[in-house]
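User: I'm new to this structure and would like a close look at a single part of it. Could you walk me through one helix and then a strand that comes after it in the chain?

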Amino acid sequence: MRKLLLLLLFVVTTGVSPLGSTVTAARPKVGLVFGGGGAKGAAEVGVLKVLERAGIPVDYIAGTSIGSIVGGLYAAGYTAAELDSMFCQQEWLTLLTDRRDDVGNEPYTVKDGVTYIFGFPVMGDLSNGDIGGFGVMRGERVERMVDSMACAKGCRDFKSLRIPFRCVAADFRNAREVIIKDGRLSTAIRASMAIPGIFKPVSRDGVRLVDGGMLNNLPVDVVKAMGADIIIAIDLQQAEQKPKDYDFGILGGMADMLGFGGLVNWVAKRPDIKKYADNIKLSTVYIHPPLPDMDASSFGNKNSARMIRIGEQEAMRHWDELMKIKRKLKN
């Protein structure tokens, strides 16, 4: 027994096993969270540049809305420099609105059963019962773009990604968070960014999915559940979030009868605001680029380039924290 205790003491103090091999503990796992915010997602690319410069490894990724595009493509193997080019060179207005250039000068026209006003689709093919769901934009071009970019890295679905990834969507009718972790990457990302009233919901397993920002715009808890010990969160929200609690009375009862009780309850309670606050507290490094004069629609080469710089500058303010993490990972 005494010899066994001495042997254990030797292993603990020297880190060397009796067979001569070094005993090393697994390093902490790093999770990266990309928040939603439309065009402001360009700032997340600036943060990525600094993380790459710092040499911080990433083991898990979670994202919502535009954060699902940045996070999903980064998980597929794109570098910060490549994502920089995507944001600054992409024609986002055409991409996001499915605008048709061939009828862009026509005030009103119908092509293939779809009604267009100056090239923007405003109504689907009624003969097929397609009225755009709760949104007039389909997001098909975004889906094709993401699919093409992911396939270029050999990553069409979640299983083929280089870094484990989750994206957040929401069940529109029941106001329920849906975490997508399998299937086609481009379809999952389109669901995560389907802003209600603007983009048509995405049907998956019989559920109509919309923008995950409705319930979890900064999914720190998601990446923590994946196994992350250290979490770096990039938050794009600018306005202060305050809890709400309304009582819709008889209207709430009517909504329950029509099957929209979950949605009305969300409007009344806004549970996403509490989750947002809790997720900020859960993060190890919280990076919040200041973008007060930018909004979700501030796309364009100059705006994207500026937001990338702002994201990079804000991440540099956390350089000491990142170096502390790097030393911890090495130890």
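Analyst: Here's a walk through helix H7 and then strand S9. Keep in mind that this is a predicted model.

Let's start with H7, which covers residues 185–192. This helix is mostly covered, with 7 of its 8 residues buried. The buried ones are Leu185, Ser186, Ala188, Ile189, Arg190, Ala191 and Ser192.

H7 packs with helix H3, residues 66–76, and the axes of the two sit 8 Å apart at an angle of about 155 degrees. Angles over 145 degrees count as roughly antiparallel, so that's how H3 and H7 are arranged. Their crossing is right-handed. On the H3 side of the contact you'll find Ser68, Ile69 and Gly72, and these meet Leu185, Ile189 and Ser192 of H7. Sorted by type, the residues of this contact come out as 3 nonpolar and 3 polar, with no charged ones.

Now on to strand S9, residues 207–211. S9 is mostly covered too: 4 of its 5 residues are buried. One of its pairings is with strand S6 (residues 165–171), running antiparallel and joined by 3 bridges. Within that pairing, Asp211 of S9 is the bridge partner of Ala169.

S9 also pairs with strand S8, residues 202–204, again in the antiparallel sense and over 3 bridges. There, Val207 in S9 partners Arg204. S8 and S9 make a hairpin with 2 residues between them. Take a look at Asp205 in that turn, as it has a positive phi of about 55 degrees.

Definitions and conventions: Residues numbered from 1 in each chain as written. Predicted model: local features only at pLDDT ≥ 70, side-chain atom pairs only at ≥ 80, totals over all residues. Heavy atoms only, no water. Axes fitted to C-alpha atoms, helices over the stretch in contact; angles between N-to-C directions. Parallel < 35°, antiparallel > 145°, perpendicular 65-115°, else oblique. Left-handed = near helix turned anticlockwise from the far one by under 90°. Contact = heavy atoms within 4.5 Å. Nonpolar A, V, L, I, M, F, W, Y, C, P; charged D, E, K, R; others polar. Buried < 20%, exposed > 50% of the residue type's maximum accessible area, 1.4 Å probe, protein only. Pairing = 2+ DSSP bridges.
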